[in-house]
Amino acid sequence: MEQTTATAASSQPMVQQNGPEVQTFGSVKLFPIGLTHDTRAYSCQRLNRVLADTQILYSLYKKSHWTVRGATFFQLHQLFDKHAAEQLALVDALAERVQSLGGVAVGDPRHAAELTSIPRPPDGTEQVPAMLSRLLRAHEAILIESREAAARAAEMGDDGTNDLLVSQVVRAGETHVWFLAEHLVETPLARL
């Protein structure tokens, strides 16, 4: 009983596959969700900017988590990891919103690095106050971008994008800023 190669079942993985790009970055396919093409294209473009910045912020938190030093090491080590996990959840929510609008989410870290407005940190380790200040500046950039994008999305009738940016990105960012900024208040560790 001989099988032809076209119909034969095989357990061999076909690992060397390549194919054409099926949707270009920046394009928006039609989804019947009651929003115009222009609205969806605008929201995808703004969401991808916030997404790129949030991916970079996530990486900054992980770098800070790994390289923090000093008297507050344990507390900051844990705080940075907690905030990183929350940023990673936002990355997923932002990317899924772009996809649900018919766009293509920025997913490659090298592409995110091209799109981000967050300055690159030094390759080495910074002192804790500089590390905290860098994270605060990144949050502020994301908060400004998110508020502007949310307001315009609301004007265009894109309530889903507005809700995501306001209820998740802005609210989480404001809380993270509060927790980080309080570590920059100069108070003695012990009373003399």
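Contacts between distant parts of the sequence come first: in this predicted model, residues 24 or more positions apart account for 79% of the contacts (heavy atoms within 4.5 Å) in the protein chain with a separation of 6 or more. Residues are numbered from 1 along each chain as its sequence is written. Local features need pLDDT of at least 70, side-chain atom pairs count only at pLDDT 80 or more, and totals for chains, interfaces and linings use all residues, while side-chain values use heavy atoms, with hydrogens and water left out.

The protein chain has five helices and zero strands; these are DSSP runs numbered from the N terminus, with helices being H or I of at least four residues and strands E of at least two. The radius of gyration, taken over C-alpha atoms, is 22 Å, well over the 16 Å that the globule rule (2.2 Å times the number of residues to the power 0.38) gives for 192 residues, so the protein chain is more spread out than a compact globule. Its C-alpha trace spans about 90 × 50 × 25 Å along the principal axes.

Of the 192 residues, 39% count as buried, meaning under 20% relative accessible area with a 1.4 Å probe, protein chains only. The largest nonpolar core (buried Ala, Val, Leu, Ile, Met, Phe, Trp, Tyr and Cys residues joined through side-chain atoms within 4.5 Å) has 41 residues, and Phe80, Leu94, Leu165 and Leu180 touch the most other members. Two or more residues each come from helix 1 (37-67), helix 2 (73-100), helix 4 (128-155) and helix 5 (159-181). Helix 2 gives the most, with 10 residues. Not counting residues up to four places away in sequence, Leu94 touches Leu47, Val50, Leu51, Thr54, Leu164, Leu165 and Val169.

How values were computed: Buried < 20%, exposed > 50% of the residue type's maximum accessible area, 1.4 Å probe, protein only.
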